[in-house]
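Me: Could you walk me through this model before I set anything up with it? I would like to start with the overall picture and then go down to single residues.

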Amino acid sequence: MEITEINAYGVNVPLVPFEEGGLAPYVTNHNSLDDMDRILVEVKTDEGLSGWGEVRSFLTPEATISVIEDGVQPLVLGQSPFELEKLRRQVFIEYTNADMFFAPVEVACWDIVGKALDEPVYKLLGGWTTPTQTETKHRSHQGEYDDEMAVEIAYCLGILSPEQSRERAAEVLESGYSVLKTKAGRDWKADVARIKAMHDEVDGELEFRLDPNQGWTTDQAIRVGSSLADAGIYLQYMEQPIRVNAHKSLASLKNQTRQPIGPNEDTYIPNNLRRLIDAGAIDVAVLDLTPAGGIAGLRQQAGIVEDAGLPMVHHCAFDLGVRTAAILHAVSGIPGFSMPPDSTYYAWEDDVIEREFTVENGSIDVPEGPGLGIDIDRDSIEDYRIA
């Protein structure tokens, strides 16, 4: 089997407004989102099988598509989608990290391999069951109950007022979630007030993650951690609290706060994961398959983290159904993912897969079909297509 063609499609899909139960506008330390550009990637083979991957738009959809179709495609044409490690190591674009552009192609190859072998991707990865998973029972159309594996997810929230955050925290707990992550970084005192308001509203029944996207200085991060600890609030982790590549400062922060430190953007930089571990600057590894170069690259990172005896969790980036499926398979098939992955899937107005995922009791079922276990709705792609 050989790869014969790669096509990329840019789509823009709106987010459901906060007032209607969604997240828009989703405010972070550096932007505000009411919709999101995504790039869908189809890899075709000479045997008629095709697979799908997904990535965010970098700079512009047109620029991202060009790198994938004009840059990555020539490097993998004529080669087998089964030889993922070979492909990953030979995709090289000078002066840039090509991994993020290769990742959707790599995921599409996993989709193809699963379809060829009639197995879901998580089983190809080993079929590992982690503490983030639960076994759920759903009534089939025949009236019998089928066992399905579900992955618990963490609810993600943008920067809001303490009152809005308090309101949503109660709704999140009522919906069956156990973890809520909120953006931060514009005002550290407001960040503390927001967590305190939510913690008070749910009587401590939710765990929290706080993500300032590098928005704090070290002294501000120490104050945040100390203020929350003094109030009896202990986060699952503070995600990338200070700028990347400041590993000594991050280690100093780690030693001065009782809140776990979870580098994220730092892990996107090649070899940084090992440096963070060696520097004693990490409590939780917040990983992402896209900058890792796909599922195989994520598996390699997971091995490094597991060998260090650290917990890990998967990041999200407003993922439509294709990448959501890839994440569900990855955290189910790769050992070591002991915390619920982030997700904003519930915030989309629509999706590009035929059977959209549903979130029940804070969890999403892992697709059991071959490959990623999803079917693409090409009409939906055309409805939202921008490039």
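Reply: What follows goes from the whole chain to its sheets and then to a few single residues, and the model is a predicted one.

Me: Okay, how many helices and strands are there in the protein?
Reply: The protein has twelve helices and 16 strands. Its radius of gyration is 20 Å, close to the 21 Å that the globule rule gives for 387 residues, so the protein is as compact as a globular protein of that length.

Me: And what does the C-alpha trace span along its principal axes?
Reply: The span is about 60 × 55 × 40 Å. As for the surface, the accessible area of the protein comes to about 15,600 Å², with 45% of that belonging to carbon and sulfur atoms, while buried residues make up 56% of the 387 residues.

Me: Of the contacts between residues at least 6 apart in sequence, what percentage join residues at least 24 apart?
Reply: That share is 74% in this protein.

Me: Let's turn to the sheets. In what order do the three strands of the open sheet come?
Reply: The order is 1-4-5, and the pairing in this open sheet is antiparallel. Strand 1 (3-14) and strand 5 (50-56) are at the edges with a single partner strand each, so one side of each has no neighbour in the sheet. From one strand to the next, the twist averages 20°.

Me: How many bridges join strand 1 to strand 4?
Reply: Eleven bridges join strand 1 to strand 4, which covers residues 35-45, and the two run antiparallel. To give one pair as a reference point, Tyr 9 has Leu 40 in strand 4 as its bridge partner.

Me: Which strands does helix 1 lie across?
Reply: Helix 1, residues 61-76, lies across strand 1, strand 4 and strand 5, and runs at about 165° to strand 1. Helix 11, residues 321-333, lies across strand 4 and strand 5, and in its case the angle is about 100° to strand 5.

Me: I noticed Arg 323 in helix 11. Buried or exposed?
Reply: Arg 323 counts as buried, because its relative accessibility is 3% and the cut-off for buried is under 20%. Apart from neighbours within four places in sequence, the contacts of Arg 323 include Glu 54 and Asp 288, along with Arg 38, His 314 and His 315.

Me: Switching to strand 8, which of its residues are buried?
Reply: In strand 8, residues 154-157, Ala 154 and Cys 156 are buried on one side and Tyr 155 and Leu 157 are buried on the other, which leaves both faces covered. Behind that pattern is a general point: in a regular strand the side chains alternate between the two faces of the sheet.

Me: What does strand 8 pair with, and in which sense?
Reply: Strand 8 pairs in the parallel sense with strand 15 (residues 342-343) over two bridges, and it also pairs in the parallel sense with strand 9 (residues 179-183) over three bridges. Tyr 155 stands opposite Ser 343 in strand 15 and opposite Leu 180 in strand 9.

Me: What unit do strand 8, helix 5 and strand 9 make?
Reply: Together with helix 5 (residues 162-174), strand 8 and strand 9 make a right-handed β-α-β unit.

Me: Now backbone details. Where is the cis peptide bond?
Reply: The cis peptide bond joins Ala 24 and Pro 25, with omega at about -5°. Pro 25 is placed in the loop between strand 1 and strand 2 (26-27).

Me: What is phi for Gln 214 and for Gln 240?
Reply: Gln 214 has phi near 70° and Gln 240 has phi near 40°, each a positive value in a residue other than glycine. Gln 214 lies in the loop between strand 10 (207-211) and helix 7 (218-230), and Gln 240 lies in the loop between strand 11 (237-239) and helix 8 (247-256). Gln 214 is partly exposed, with a relative accessible area of 30%, whereas Gln 240 counts as buried at 0% relative accessibility.

Me: Last one, Thr 267: what is it in contact with, beyond neighbours within four places in sequence?
Reply: Thr 267 is in contact with Leu 273, Leu 276, Val 286, Leu 287 and Gln 301. Thr 267 is found in the loop between strand 12 (261-262) and helix 9 (272-279), and at 4% relative accessibility Thr 267 counts as buried.

Technical notes. Residues numbered from 1 in each chain as written. Predicted model: local features only at pLDDT ≥ 70, side-chain atom pairs only at ≥ 80, totals over all residues. Heavy atoms only, no water. Buried < 20%, exposed > 50% of the residue type's maximum accessible area, 1.4 Å probe, protein only. Helix = DSSP H or I, 4+ residues; strand = E, 2+ residues; numbered from the N terminus. Pairing = 2+ DSSP bridges. Right-handed = clockwise from strand over helix to strand, strands pointing away. Rg over C-alpha atoms; globule rule 2.2 N^0.38 Å. Contact = heavy atoms within 4.5 Å. Areas by Shrake-Rupley, 256 points an atom, 1.4 Å probe, with all protein chains shown as cover. Axes fitted to C-alpha atoms, helices over the stretch in contact; angles between N-to-C directions.
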